[in-house]
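User: Hey, could you walk me through this structure?
Analyst: Sure, let's look at it together.

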Amino acid sequence: MMQSSKKIKSQKRTYLDHAATTSTDTRVVRAMQPFFSKMYGNPSSLYADGRMAKEALQKARSSIATILGARPEEIIFTGSGTESDALAILGVMRAYSGKHMITDTIEHHAVLYNAELLEKEGFPVTYLPVDAEGFVDIKKLVVAVRPDTVLISIMYANNEIGTIQPIAEIAKLVRRIRKERIISGNETPIWLHTDACQAAGYLDVNIERLGVDLLTLNGSKIYGPKGMGVLYRRRGVKIAPLWLGGGQEQKLRSGTENIAGIVGIARALEIAQSHKDGENKRLSKLRDYFIREVFARIPKIVLNGPEGERRLSNNVNISILDIEGEAMLLYLDAYGIEASTGSACDSATLDPSHVILGIGRPYEFAHASMRFTLGRATTKKDLDYVLQVMPGIVEKLRKISPINLDMNATQMSHASAFAGQGLPHWEKKRGTKLKTPSPKAQ
Amino acid sequence: MKQKTKKQNVATKIKKATKLQPAVLKRKPVPPGKYEVVNQYTGQGWVYSDIVKQHFFQPQNLLLDEPKKGQFDAEGEVGSPACGDTMRMWVKIDKKTDRVKELKWKTFGCGSAIASTSMFSVMVTENGGMKVDEALKIRPQDVMARLSGLPDRKIHCSVLADKAFRKTINNYFHASGQHDRVIVEGAKVIDARLNITDKDIEEAVLEGAQTLEDVQKKLKVGVGDPESIPEIEQLIRFFKEKYYG
């Protein structure tokens, strides 16, 4: 172990997986430092040490509230983005038993799996389809809303393909529905939740301008500490806690507050939001340069997700047809390049990326997808290095590949190779109808 | 000797194709017990056991160009239902000795699929080639043993080589008129001690067994042959998806 970690250090690393996690900013670490061994008090204690911790807690809460344009009591600290999503979704829905929820098919699993859990508990859930670039269609959303819809959960920016959803527009729709409900005497409230984990470093997170009622943030995507999340909850939104205990965070999230983490995430959000405009500009340029060059150097690739301003400035996601993403990833790793893939082989469930499938591409495109997410330390030189290395690897892996996909394919290619009616398990799950492959399709 | 020059040929081709040499290949071999990741159940190192690395970065017996007409006796293709890899194989059989003279392959597959197929191709063709009947007996576990292990969750999707080989050899049997030798899929012995076949497991799943424990209650499969458990789990998963998915 020692030996290999030493070797990794001596080799130059090109980290292009900032959507997975970011380094912790040294300024954040400095802000957190005193709260480990010096000021370790429990903010619930009344003596001096406790009061000191409480003061730090309140300061962090106010700082985040100010950035979001919210009130301090609307900020709930949690243990991760996933926990914030779960608290928002399970919390709101369980407070309104049996009511309806709407989300979309390309949400993060933290939203999707909790929605599926609600279905098992008997809640009706609608999953909106998205278009070829990953956008939710507002017209379809209007149709999906029922008189008993309590929660709509749509992510701010997609973690895999960078699609920035029209949250402010959706919020307008929600307000309109609210007015209509008042007129018609329907007393069921309707709330809008957004997972803004990927967006927080690059986009406006002011909740008034966005118009959301619940918003998820986490530390590890904004150069803050891992194991820290925030849930903004507008006053008046009823939520049930996921568990009970000492009653911290207004009885919504019991457990001794992680003061160091809380101070850290507040500082990280401060820094991220103050840098966001400059970073956005710089990264958009780098992103577009990288996409342009990759398309110029490697034939037969497609961009997953939208182009330009409607795409997160740090996200590049391409499917390199006919090659498998995990093999590509391991080759890149050998050159010190760290990226990620939507291939089934790289996921714990062995399912290909639901996002790439969700935008209507066949599974081979998901299998072949590579995501490069840029960050604060990324330079043009880094991207040039990747551009230099990648064509050779692609050429090699294509040489050993038995498949030759059509760029505009919407069906899986070698269905006849699969046992059991030529369907892999996720295709069965999706209920996709496949054309019967001709026996000589190969 | 001949084999060695072939190996070098592939290596130089790869070097040419990639130009830059991955740093991994320059590293000294890691002594056993110092693998980057260790399988918590078997204690084996994986992903980058040096043998896996070697076969991943310098795969053996790849078919790099389109085959010429008559170059091979048969070809076959299989896909993994678990993760969607596709594997294609070509064989040339010495008809007199019934040995595998050549085995070439291509894959749209992940790192462990590449490494395990490369290893399989070496096992089948080394020392003058295996007898066809012997080669058909190679199990995923045997390939894994030669590779010093693979990640647990990868076993059931990445070791496609034996399945591709069976399909290819069946095509060869058909093409060469040896119809009596065709292997009927679905009657492969999984647990050698109890002579339990995948048909038995299929039936157990059809009767309602959903987990390894359920199947073991019915069949006692894998108890005396723990090495067969990964394959049993794969089959349970496959039949579950087939009948209940």
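Analyst: One term before we start: two strands pair if DSSP finds at least two bridges between them. Also keep in mind that this is a predicted model.

User: OK, so how many bridges are there between β9(A) and β10 of chain A?
Analyst: There are 3 bridges, and the two strands pair in the antiparallel sense. β10(A) covers residues 315–320. One example is A:Leu303, whose bridge partner in β10(A) is A:Ile318.

User: Which sheet are they part of, and what is the strand order?
Analyst: They sit in an open sheet of 4 strands, ordered β9-β10-β13-β12 in chain A, with antiparallel pairing.

User: And which strands stand at the edges there?
Analyst: Those are β9 (301–303) and β12 (340–341) of chain A. Each has a single partner strand, so one side of each is left without a neighbour in the sheet.

User: What holds strands together in a sheet, in general?
Analyst: Strands of a sheet pair through backbone hydrogen bonds, and the pairing can be parallel or antiparallel.

User: Got it. What about the sheet with 7 strands, what's its order?
Analyst: That one is also open, and it reads β2-β8-β7-β6-β5-β3-β4 in chain A, with mixed pairing. At its edges you find β2 (75–78) and β4 (125–128) of chain A, each paired on one side only. On average, neighbouring strands in this sheet are turned by 20 degrees against each other, direction ignored.

User: Which helix packs on that sheet?
Analyst: Helix α6 of chain A, residues 109–120, packs on it. α6(A) touches β3 (100–104), β4, β5 and β6 of chain A, and its direction makes about 150 degrees with that of β3(A).

User: Let's zoom in on β5(A). Which strands does it pair with?
Analyst: β3(A) is one partner: 3 bridges join β3(A) to β5(A), and they run parallel. Across that pairing, A:Ile102 stands opposite A:Ile152 in β5(A). β6(A) is another partner, also in the parallel sense over 3 bridges. There, A:Leu151 has A:Trp191 of β6(A) as its bridge partner, while A:Ser153 has A:His193 of β6(A).

User: Is β5(A) enclosed by the rest of the structure or exposed?
Analyst: Largely enclosed, because 5 of its 5 residues are buried. A residue counts as buried if 20 or more other C-beta atoms lie within 10 Å of its own.

User: How many residues of β6(A) are buried?
Analyst: For β6(A), residues 191–195, 5 of its 5 residues are buried.

User: And which residues sit on each side of β6(A)?
Analyst: A:Trp191, A:His193 and A:Asp195 are on one side, with A:Leu192 and A:Thr194 on the other; all are buried, so both faces are covered. As a rule, side chains in a regular strand alternate between the two faces of the sheet.

User: Switching to helices. How do α5(A) and α6(A) cross?
Analyst: Their axes come within 9 Å and cross at roughly 30 degrees. α5(A) and α6(A) are therefore roughly parallel to each other, and α5(A) passes α6(A) in a right-handed crossing.

User: Which residues meet there?
Analyst: Among them are A:Ile89, A:Leu90 and A:Met93 in α5(A), and A:Val111, A:Ala115 and A:Leu118 in α6(A). By class, the contact has 8 nonpolar, 3 polar and 1 charged residues.

User: At what angle do α10 and α14 of chain A pack?
Analyst: At about 15 degrees, with axes 10 Å apart. That makes α10(A) roughly parallel to α14(A). The crossing of α10(A) past α14(A) is right-handed. Residues making the contact include A:Leu286 and A:Phe290 of α10(A) and A:Leu383 and A:Leu387 of α14(A). That contact has 7 nonpolar, no polar and 3 charged residues.

User: Last one: where is A:Gly246, and is it buried or exposed?
Analyst: A:Gly246 lies in the loop between β8 (229–233) and α10 of chain A. With 12 C-beta neighbours inside 10 Å, A:Gly246 counts as exposed. Leaving out residues up to four places away in sequence, A:Gly246 touches A:Ser44 and A:Ser254.

Notes
Residues are numbered from 1 along each chain as its sequence is written. Chains are lettered from A and ligands numbered from 1 in the order in which they are written. This is a predicted model: local features need pLDDT of at least 70, side-chain atom pairs count only at pLDDT 80 or more; totals for chains, interfaces and linings use all residues. Axes are lines fitted to C-alpha atoms, for helices over the stretch in contact, and angles run from 0 to 180 degrees between N-to-C directions. Angles under 35 degrees count as roughly parallel, over 145 as roughly antiparallel, 65 to 115 as roughly perpendicular and the rest as oblique. A crossing is left-handed if the near helix is turned anticlockwise from the far one by less than a right angle, and right-handed if clockwise. Two residues are in contact if their C-beta atoms, placed from the backbone, lie within 7 Å. Ala, Val, Leu, Ile, Met, Phe, Trp, Tyr, Cys and Pro count as nonpolar, Asp, Glu, Lys and Arg as charged, and the others, Gly among them, as polar.
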